[in-house]
Amino acid sequence: MTPTVTPYRPGQRVGRDGFPQVLHAEWTKFRTVRSWVTGTVVAALMMVLFALLAGASGNQKGAPPVPIGPGGEPVTDSFYFVHRPLAGNGSITVSVSALKSSIPKRPGDLRPGIVPWAKAGLIVKESTRQGTPYAAIMVTGSHGVRMQDGYVNDTAGLPGPVSATSPRRLRLDRSGDVITGYASTDGTNWTKVGTARVSGLGSTAQVGLFVASPQVVGGGGTRGSVSTATFGDLRTQGGWAGGNWTGDQVGAKSPSFAGYPEDGSGSVTRSDARFTVTGAGDIAPAVRDSLPTGGLLRDILTGTFAALIAMIVVGALFITAEYRNTMIRLTLAASPRRSRVLVAKAIVLWAVTFVAGLVGTILATPLGERLARGNGVFIFPVSSSTELRVALGTAALLATASVLALSVGAVFRHSAGAVTTVIVAIVLPYILIAIPFLPASVSKGVATVTPGAAFAVQQTLVPYHQVASNYTPYYGYYPLAPWAGFAVLAGYAVASLAVAAVLLNRRDA
C-alpha cells in the first residue's frame with residue numbers, strides 16, 4: 001500500500017502580523033522620514049525660542065516691587081490707615097454709620113457709584129509695610145460685614161448695607177496671635193464673625209480704622225474707585241500706647257493703582273468723636289489685571305502656538321502622505337485590520353509629540369522666567385506641582401492635537417484640508433481668547449466647548465470671590481479646570497479617530 005504523503009505547508013510565525021509589529025512599522029516610518037522628524041524638533045525649538053523672546057521683550061526695570069504676603073503670594077495692599085500701636089493684648093470698638101463710594105468717569109471727574117467690595121472697619125497689622133500679616137473686621141459696599149485675614153481668607157458676617165439709621169458696630173479683640181472679630185446692630189448683642197490666628201504680629205502691632213476701595217469691573221475694563229466712611233463711638237481697651245491717632249497711606253498713591261484722583265491721597269478728618277476717612281486700593285490677593293507688570297507662566301510658553309501649528313502639519317502628513325504616494329495600499333495589505341494601523345499611527349505620533357513637547361517646555365520655562373525676572377517683570381509664582389502640571393499638560397495638548405490632525409487627515413485624505421480644519425478648530429479659539437475686548441461670555445464659551453479649551457492646562461491663577469476682576473481667558477482665568485479643559489480636546493480627538501477608523505474600514509484606499 002502506497003503511503004499517504006501530506007503536502008508541506010510552511011507554518012506562519014505567530015505574531016508576524018501582531019499589533020507590536022504594526023506599531024514598530026509605524027515608528028520606523030516616522031523616524032525615517034526626515035521632514036516629520038525635523039518638524040517635531042522644530043516644534044520643541046519653537047517653545048524655547050519664543051520663551052527667550054517673551055522673557056527678553058518685557059523690560060519693566062524700575063517698576064515698583066510687587067508686595068508679597070505671608071504665604072509668599074503676590075498681594076494688593078493699599079489703603080488709608082488711621083492707627084495707634086497696641087502693645088500686647090487689647091480690643092477696639094467702633095460704629096460705622098456711612099460708606100459711600102465714587103468712581104472716576106474721567107481724570108478729575110468722580111461720580112457716586114456702587115463699589116461692592118469697598119471696605120471700612122478695624123484692622124490689626126504688623127506694621128504699615130505692604131504685605132505684612134493682618135486681620136480685619138469690616139463693612140462692605142454690597143456684601144455685608146466680613147472678616148478677612150492673610151489676604152486670601154474671607155468670612156461672611158451680618159448682611160446688609162450701613163446707613164445713619166442702620167449702623168454696624170464692629171469689635172476686634174487681640175489675644176496673642178489670636179484675633180477675633182465681632183459685629184452688632186445695637187452695640188449690646190454681639191455676633192462673632194470669625195477668629196484668625198495671625199503669626200508674625202509681634203508684641204506691638206498697629207491697630208485702628210481703615211478704608212479701602214478696590215477697582216470696579218465694567219464698561220469694557222476696570223477703573224479705580226474712592227470710598228469715604230464715617231466712624232463714631234471709638235473705644236479701646238488694653239495696652240494702648242499714648243499719643244494721637246495717626247493717618248497714613250499704606251502702599252501706592254498712583255491713581256492707576258490705588259484709585260485716587262491725580263496727585264491725591266487718602267485722608268482723615270476728626271470732629272469730636274467722629275472720624276471721616278477716605279481711602280482707595282484694596283487689601284486682597286493680587287489678580288492679573290491689578291498688577292500692570294505681572295506675567296504668567298503661560299506668557300513664557302507662547303511658543304505653544306507655533307509648536308501647535310508645526311505638529312498639526314506633521315500629524316496630518318503622517319497619513320495623508322501615504323495617500324498621496326499610494327503607500328497606504330501596501331500598509332493596509334500588510335495589515336488588513338485597518339483600524340489597528342490607524343491606532344498604531346496615533347500611538348506613535350502621540351508619544352513622539354509628547355516627548356518633544358515636554359522637552360521643549362522643560363527647557364523653555366526656566367530660561368524664559370530668568371530673562372523676564374532679569375528685566376524686572378514679576379512672574380506670578382506657582383508651586384512645583386503646578387509647574388509640573390503645566391509642563392505635562394502642554395505636552396499632552398500638543399500630542400493630542402497632532403492625533404486630531406491625523407484623524408482628520410484620514411477622513412479627508414488630503415493634507416491641506418486636514419491642516420486647515422484642525423488649525424481653525426484649535427488655533428482660532430486660541431487667537432479669539434487672546435482678544436482683550438471680546439465679550440466675556442463669548443470668550444468663556446469659546447474656552448468651554450471648542451478644542452481650544454485645552455489651553456486651560458496652562459492656567460496658574462485662582463479666582464477669588466472677594467476680588468472684583470476680569471476673570472476671563474485673556475487674563476489667564478479659564479472657565480474649566482485644567483484637566484477638564486484638556487478632556488474637551490481629548491474628546492474631539494477620540495471621536496475623530498473613531499470616525500476615521502469607520503471610514504477607513506468602509507472605503508477603498
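Okay, let's start with what I mean by a cavity: on a 1 Å grid over the protein atoms alone, it's a set of points where a 1.4 Å probe fits but cannot get out, and a lining residue has an atom within 4 Å of a point. Points are joined across faces, edges and corners, and the volume is the space filled by probe spheres set on them. Quick housekeeping: this is a predicted model, so local features need pLDDT of at least 70 and side-chain atom pairs count only at pLDDT 80 or more, while totals for chains, interfaces and linings use all residues. Residues are numbered from 1 along each chain as its sequence is written, and side-chain values use heavy atoms, with hydrogens and water left out.

So, how many cavities of 30 Å³ or more does a search of the whole structure find? Just 1, with a volume of about 40 Å³. Its lining includes Leu-86, Ile-92, Asp-173, Arg-174 and Trp-240. Strands β2 (79–106) and β8 (168–175) each put in at least two lining residues, and β2 gives the most, with 4. Strands here are DSSP E runs of at least two residues, helices are H or I runs of at least four, and both are numbered from the N terminus. By type, the lining splits into 7 nonpolar, 2 polar and 2 charged residues. For that count, Ala, Val, Leu, Ile, Met, Phe, Trp, Tyr, Cys and Pro are nonpolar, Asp, Glu, Lys and Arg are charged, and the others, Gly among them, are polar.

Now salt bridges, meaning a Lys or Arg side-chain nitrogen within 4 Å of an Asp or Glu carboxyl oxygen. The count comes to 13. I'd look at Glu-26, which pairs with Lys-29 at 3.1 Å between the closest N and O atoms. Those two sit 3 residues apart in helix α1 (residues 19–32), so about one helical turn separates them. Glu-26 also pairs with Lys-345, this time at 2.8 Å. Here Glu-26 is in helix α1 and Lys-345 in helix α7, so the pair ties together parts 319 residues apart in sequence. Are these partners buried or exposed? Both Glu-26 and Lys-29 are buried, where buried is under 20% relative accessible area, exposed is over 50%, and partly exposed is in between (1.4 Å probe, protein chains only). Glu-26 comes in at 1%, and Lys-345 is buried too, at 0%.

Further along α7, Arg-373 bridges to Glu-369, with the closest N and O atoms 3.8 Å apart. They are 4 residues apart in the helix, again about one helical turn. Arg-373 is partly exposed at 45%, whereas Glu-369 is buried at 11%.

Same helix, other topic: a nonpolar surface patch of Leu-52, Val-355, Val-359, Leu-363, Leu-367 and Leu-371, with about 460 Å² of accessible area together. Helix α7 (residues 338–374) supplies 5 of those residues. One of the patch members, Val-359, is partly exposed at 44%. Patch residues need over 30% relative accessible area and no salt bridge, with nonpolar side chains (Val, Leu, Ile, Met, Phe, Trp, Tyr) joined within 5 Å and like charges within 9 Å. Areas are Shrake-Rupley with a 1.4 Å probe, and for residues only the protein chains shown count as cover.

Last bit, backbone. Most residues other than glycine have a negative phi. Tyr-151, though, has a positive phi of about 75°. Tyr-151 sits in the loop between β6 (145–149) and β7 (153–156) and is buried, at 1%. Asp-272 also has a positive phi, near 60°, but is exposed at 70%.

Terms used. 1 Å grid on protein atoms, 1.4 Å probe; cavity = no way out; pocket = protein on both sides within 12 Å on 5 of 7 lines; lining within 4 Å.
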